[in-house]
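Subject: Structure handover

Hello,

Here is the structure I said I would pass on. My notes on it follow below.

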Amino acid sequence: MRAGPSSALGAAEGSCAGGWGARPAELQGFSQRGALSDGLEPGDNAGGAPGGMPQTLSSASMFTPCGFSPHLHSAKEDDQGGLIFQDGNLASASLDALIQHLIPTTDYYPEKAYIFTFLLSSRLFIEPHELLSRVCHKCVEQQRLDDPVLDKARIRKFGPKLLQLLTEWTETFPYDFQEERMIGHLKDMIDRIAPCDEAYWKRMNQLLQALNQKLATLSHGQEGIVKINAAVSDKLVAFKSKPPSIQREILTVCSDPYTLAQQLTHVELERLSHIGPEEFVQAFVHKDSLDSTKSCFNEQKKTSNLEAYVKWFNRLCYLVATEICMPAKKKQRAQVIEFFIDVARECFNIGNFNSLMAIISGMNMSPVSRLKKTWSKVKTAKFFILEIVIPFFSLLIKDIYFLNEGCANRLPNGHVNFEKFLELAKQVGEFITWKQVECPFEQDHNIIHYLHTAPIFTEDGLYLASYESESPENQIEKERWKSLRSTILGKT
């Protein structure tokens, strides 16, 4: 039995769970839910709310000039072998037929929506390097690129289309080309067609330069995250005592909720910008039902950026809970809670639902929620209003998990369910357009450094801090308090 969506991504500790949010459609922001399971649609104000993030383009503008059409009509004959159409729309096909449908010819080029959809979902059945190898092999056969004398006129019609396909692949799925095998296939194809037109060499060099630049940028971002994670892992704090402060408190670093919400938005967009669309598929890759001897990506799953984002979300949950549980006095704890409620409201106004959900999750963790005396000093009306927000990231992951299930299960005749491919592509496409938004706020490195590196309590540490602040109320809590004091503080 396969793992569910949480375990597939390395589920969060404690009660936190990754989350985006969606607010009412009339409110503009930087993370519109789009046509997902709750049926909300992006608003019409392209400028966004005053002071908020600009409205993102829908996935429509990314993949086709007129929109991400759910109707992928074939430019070839509908009775082409292996392709099944329903009401003129591609519904299912054999994997071989779908690969063939991807390959350009002198008079055919696949729709952008088809290219993205197939390159995204096909990895459930075939690894990218093998797919590119088969595409190149078919191109060689069909265009007779092995002939001693090439048909230059035909190849001049075919060459630009092949280069365009390779360009779209490298731009949308650059992580695929971290493998030398992929680059080798690219160069081999150019070696074959370049004798017919020297301009192909220039095009290929431009393609490789753009690819190298993008990979270098992504790699630099990944290295930064790795360094941050390493620094944080050394600072995980198990509650040792009840000092005035085990660290600088958030209010000494940033006391303005709007400023903190802006800096959280910087962190969110930075983390999310590194997630490749393919990671949403590769997170749930499993064995092909028609070939139980191997699974795609037998090597380590290439989902490090998605997992890094989930870790960031959970860190923010625990940071919020730590900041609340840390102060010794009830009045100070209430002040911190009210501060984070205001930060959450500002995240809501900006449209940063990811940070909003993390803050709410942190305040809802049991060690925090049980502090009844503290909460009695808090003006909670604002907090309850925030709880109407719908969790988004967790819903997206669940949606994609079940769509992956549908995509990975072949039809009884062995065909691939292309309709499911398209549903998955539409979901991931919304994420791609959204994550490309540039953050309009000035960066405060001091605040961001604190968010990334401030020590946080472990779950046990949070409970102990909570019990030390407000005594256990029942026998179960008393026993846990006693156990934690023994294991963490060495006291009986």
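Are Asp-176 and Arg-123 buried or exposed? Asp-176 is buried, and Arg-123 is buried as well (buried means under 20% relative accessible area, exposed over 50%, partly exposed in between, with a 1.4 Å probe and protein chains only).

Before the rest, the conventions. This is a predicted model, in which local features need pLDDT of at least 70 and side-chain atom pairs count only at pLDDT 80 or more, while totals for chains, interfaces and linings use all residues. Residues are numbered from 1 along each chain as its sequence is written, and side-chain values use heavy atoms, with hydrogens and water left out.

Salt bridges

There are 13 salt bridges in the structure (a side-chain nitrogen of Lys or Arg within 4 Å of a carboxyl oxygen of Asp or Glu). One of them joins Asp-176 to Arg-123, at 3.0 Å from N to O. This pair links distant parts of the chain, 53 residues apart: Asp-176 sits in the loop between helix 6 and helix 7 (180-193), and Arg-123 in the loop between helix 4 and helix 5 (128-142). Helices are DSSP runs (H or I, at least four residues), numbered from the N terminus.

Arg-144 pairs with Asp-147, their closest N and O atoms being 3.6 Å apart. Arg-144 is partly exposed at 44% relative accessible area, and Asp-147 is partly exposed at 31%. Another salt bridge is formed by Asp-151 and Arg-154 (3.0 Å, N to O). Here Asp-151 is partly exposed, at 34%, whereas Arg-154 is buried, at 15%. Asp-146, Asp-188 and Arg-192 are joined into one network by salt bridges that share partners.

Helix 22

Helix 22 covers residues 475-489. Its 15 residues should span 21 Å (1.5 Å times one less than the number of residues), and the end C-alpha atoms are 20 Å apart, which agrees. Glu-477, Leu-484, Arg-485, Ile-488 and Leu-489 are its buried residues. They fall within an arc of 100 degrees seen down the axis, so they line one face of the helix (the arc is that of the directions from the helix axis to the C-beta atoms). The face turned away from this buried side carries the exposed residues Ile-476, Glu-479, Lys-482 and Thr-487.

Lining of the largest pocket

By class, this lining has 17 nonpolar, 9 polar and 7 charged residues (Ala, Val, Leu, Ile, Met, Phe, Trp, Tyr, Cys and Pro count as nonpolar, Asp, Glu, Lys and Arg as charged, the others, Gly among them, as polar). A pocket is, on a 1 Å grid over the protein atoms alone, an open set of points where a 1.4 Å probe fits, with protein on both sides within 12 Å along at least five of seven lines; lining residues have an atom within 4 Å of a point.

Regards

Key:
Helix = DSSP H or I, 4+ residues; strand = E, 2+ residues; numbered from the N terminus.
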